[in-house]
Amino acid sequence: MSEMWINMGPQHPMTHGLWNLRVRLDGELIKDVDPEVGYLHRGIEKISEDRHYNEVITLMDRCCYVAGFAWEHLYTIAAERALHITPPERAEYLRVLSDEFQRIASHLMWYAAFVQDIGLMSPFLYGMRDRDLILDLYQSYTGARMTYEYFRVGGVRSDLPPGFTDQARKVLDWLTPRFNEYDQLCLGSDIFHKRCDNLGVLKANDCVTHGVTGPMIRSAGLKRDLRKDRPYSVYRQLDFDVALADSADVTGRYLVRMEEMRQSVRILRQVVDWLDHHPGPVIAEELPRWLGAPYAPVGKEGYLLKRHYPKGVGFSAVEEPHGEAQAYVVNEGGEHPYRVKFRSPVFANISAARQYMVGYRVADIPPIMGSVDVCVGEVDR
Amino acid sequence: MSTVTLYSVSYDIASLILHILGFIIPPANAALTNGNVITGLAVLVFGVILLAASMLNTILLIWWERKLLGRIMDRRGAMHVGYAGLLQNFADGFKLFRKTTVQPREADALGFFSGPTAYMVTSFLLFGILPISSGWNSGILPLSLLLALAIFSFAPLFIFVSAWSSNNKYSLMGGMRSAAQMIAYEVPLLLAVVAVVIVAGSFDLTTIVYEQQNYWFWGPLFVALIVFVAGMLAEMERIPFDLPEAEAELVEGWNTEYGGMLFAFFMLADYLRALVGSILVVLLFLGGWTMPSWVPSAATSFPLAGIFWFMVKTYIVFGLFVWVRASLPRVRTDQLLRVGWNRMIPLSLLSVFLAALLVTVKCVWPFGCIPSAGT
Amino acid sequence: MEAEELSRALAPALGDRLTAVEPFPGTAGRVRFRPDGALDVFRRIHELGFTHLSTVGGIDWVDHREVFYVAWSDALKQYVFLSTDLPADSPHIESATSVWPSADWHERETWEFVGITFDHHPDLRHLLMPDGYAFHPLLRSFKLHEPEELEVKVRHV
């Protein structure tokens with residue numbers, strides 16, 4: 001068989017979304033790859049220019065369908081900086097609560113998809129089962145399981161329902177031993193190590209050069225986590241460790257994500273305890289009504305009551321489950337942002353695909369791409 | 001009971017049908033009740049019974065796998081059609097039956113259609129030559145084991161034909177893998193069988209079963225059993241050796257382009273081969289339809305007890321295959337080849353050596369003696 | 001590192017290619033520079049330890065266009081924000097890919113959305129939009145088109 005290009009995607013079980021990995025193969029050996037994205041481009045940055053600040057949050061949920069909260073958080077920080085608003089502390093804790101649950105849910109989704117990629121069937125169901133508990137929690141306080149629209153510029157939409165924290169603790173208690181089970185299923189298997197060790201290696205230097213972030217860079221031994229490096233929200237008050245591995249391969253990324261879930265559970269326990277003892281407002285009080293007066297009667301939300309903020313720009317960076325996301329919001333006065341720019345971590349991680357895929361075999365593509373954790377929604381935006 | 005065999009039943013049915021026909025059409029009576037005509041129809045009836053039995057078992061096997069997988073994965077599996085989803089697979093089958101068969105534009109029609117058909121037919125043939133009980137067999141075939149394994153190893157050829165003719169790069173790679181994988185597992189598989197043949201002294205499956213009356217072969221030939229089961233997993237193309245249809249990278253491998261009834265052919269044939277694989281394990285290592293002497297005779301003397309126990313063993317063996325599928329990741333092609341040549345061939349040679357040793361010493365504690373020791 | 005410190009570190013080497021260094025929340029500062037000296041600025045910033053380019057983006061200010069870069073330093077644990085203005089009639093700037101290879105896709109995206117040409121970019125072609133797409137959607141002048149106006153070639157592989 002001579003060399004040939006094959007299209008892995010846009011409809012292919014490996015892609016976990018709608019994108020195309022063009023691969024040049026010599027037999028089973030990968031000679032070259034050329035990722036093609038854009039199949040899911042919805043023009044979120046363009047739509048945002050005609051939206052009120054709070055309406056952009058709706059788009060953020062659609063940005064990444066497994067990590068909606070992280071993107072809501074990213075945008076709200078940038079918008080608050082652009083509009084010079086400070087959210088109340090309880091809102092910040094609620095955001096971190098949502099963020100960290102989202103991190104676990106996203107990683108569980110990744111785990112489910114990843115083990116499927118190497119042919120392991122049962123853990124897929126286990127991952128989805130446990131993720132469902134978190135979605136149930138989301139449903140109880142946002143009313144939605146996937147597209148939450150819960151954050152607001154200046155706070156969050158509503159407080160937690162009564163009894164939520166107990167329920168959250170139950171979920172955390174259930175999750176803690178589950179991670180060990182996952183490890184037994186994967187790390188306990190020789191075939192897993194045969195498939196994943198020394199696979200898709202991307203050393204720390206190359207990660208930096210090619211803009212790769214998130215679990216991929218941490219698996220290469222570089223301690224880089226925006227929650228520690230540039231603490232946003234209330235991460236400064238919370239006690240947790242950065243998950244690290246040093247093998248820079250697929251197994252390393254697995255280990256990093258597993259450890260991150262454990263650390264998220266640790267963070268969540270602190271957050272839930274704090275929320276129990278610190279009642280308070282969840283949205284800034286001096287907001288104009290068009291920006292989210294929380295209990296305005298229907299039909300009288302007061303979109304016409306314009307109060308222009310001074311011009312400003314807001315830049316934010318958030319450690320999303322997939323890596324480092326950034327938002328840049330330009331406020332030229334008025335209700336709409338003048339320009340919104342998002343930086344998606346997966347966008348950069350995919351763009352470096354040539355660096356960590358060439359030289360491996362075609363059967364290695366799914367585990368490698370699985371370990372990158374591709375979320376096409378945020379790549380294409 | 002030993003007088004009632006599958007063939008005698010078929011003969012009775014055929015003769016009954018022909019006699020009734022002869023009664024209805026008196027002029028043809030003499031011609032219809034001729035012994036040769038009855039024999040001819042009996043063979044046909046025999047085939048129909050086999051087909052029905054194999055299809056029924058295959059579909060039951062799919063149900064069994066779905067339920068077992070479901071339980072392992074913390075869910076229930078099929079539940080809604082029929083009791084505990086027993087009829088779900090019939091519903092699925094009818095759905096596939098009604099679907100349009102889509103032929104890719106550039107596909108080669110001859111290979112595209114004949115591949116699945118041949119795959120199906122050979123798999124069905126396999127079921128026909130295996131003895132299920134002392135009554136359920138197709139007569140004495142002195143080399144039935146060899147025949148079964150020979151037919152078993154046809155499959156990669158048909159897979160390759162259908163993969164190549166569907167004009168799809170994924171299919172082609174799947175077909176290539178299937179052919180490449182064959183050389184990895186076929187040698188150790190056959191060597192493991194040789195170990196059994198050495199001890200039993202025969203290629204006839206019925207004889208092999210009766211040779212296990214003192215002890216089943218899985219004990220003394222444990223190494224051969226391990227190699228055989230691993231080889232069978234590869235032969236059946238099940239996880240962890242389902243590389244030709246690795247859905248993660250090759251979509252569905254060699255059957256990517258197939259849909260409707262042609263896909264159903266592949267699906268049925270796959271499970272038929274899984275059934276035959278489990279049956280072979282039972283026949284070669286688990287005593288076939290016989291039960292050990294310590295089992296109370298009430299449990300082994302009821303009508304069709306042989307078939308019953310045989311099927312119980314078969315489904316348990318298949319359950320083990322399902323368990324493996326639920327808990328192991330898939331290996332890579334080069335890793336499979338390495339395992340095949342570096343691990344399984346030495347092990348199978350060892351098992352042949354052990355078998356020769358067993359035949360020489362004749363009796364092994366704690367299993368006992370070979371019944372035909374010395375022949 | 002604060003804006004003044006950054007200014008001190010950059011000014012001697014860059015001279016008039018550097019126009020201003022302003023404080024910018026969330027980063028070490030916003031470095032404004034002249035587009036013709038872009039590559040020198042990138043190199044100097046890279047030497048300062050900002051080895052990781054996070055993103056490249058563009059803004060259409062109607063009368064001119066702005067292109068901005070965000071880089072991160074692992075040693076300083078800080079971002080730096082670079083920005084420069086390009087004329088609206090011929091917006092082009094030297095590509096940063098020779099300094100930061102990760103700029104590749106970000107520049108492609110900026111080119112196709114904001115219409116800024118990156119000179120010496122190794123592979124400046126469409127990324128999110130289909131090949132042959134003739135518009136730059138993030139320009140203020142962009143209007144929605146009827147489907148028949150869009151003649152989009154489909155690539156056959």
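The following questions and answers concern strand pairing, burial and helix packing in a predicted model.

Local features here need pLDDT of at least 70, side-chain atom pairs count only at pLDDT 80 or more, and totals for chains, interfaces and linings use all residues. Residues are numbered from 1 along each chain as its sequence is written, while chains are lettered from A and ligands numbered from 1 in the order in which they are written.

Q: Why are β3(C) and β4(C) called paired?
A: Strands are DSSP runs (E, at least two residues), numbered from the N terminus. Two strands pair if DSSP finds at least two bridges between them. Strand β3 (residues 52-60) of chain C and β4(C) have 8 bridges in the antiparallel sense, so they satisfy the definition. C:Leu53 stands opposite C:Ala71 in β4(C).

Q: What makes β4 of chain C mostly covered?
A: In strand β4 (residues 64-73) of chain C, 7 of its 10 residues are buried. A residue is buried if 20 or more other C-beta atoms lie within 10 Å of its own, with C-beta atoms placed from the backbone.

Q: Why do β6 and β8 of chain A count as edges?
A: The open sheet has the order β6-β7-β8 (chain A), with antiparallel pairing. β6 (312-320) and β8 (339-343) of chain A each have a single partner strand, so one side of each lacks a neighbour in the sheet.

Q: How do you know that β7 and β8 of chain A pair?
A: Strand β7 (residues 323-331) of chain A is joined to β8(A) by 5 bridges, and the requirement is therefore met. A:Gln326 stands opposite A:Arg343 in β8(A).

Technical notes: Helices (H or I, at least four residues) and strands (E, at least two) are DSSP runs, numbered from the N terminus. A residue is buried if 20 or more other C-beta atoms lie within 10 Å of its own, exposed if 12 or fewer, and partly exposed in between; C-beta atoms are placed from the backbone.
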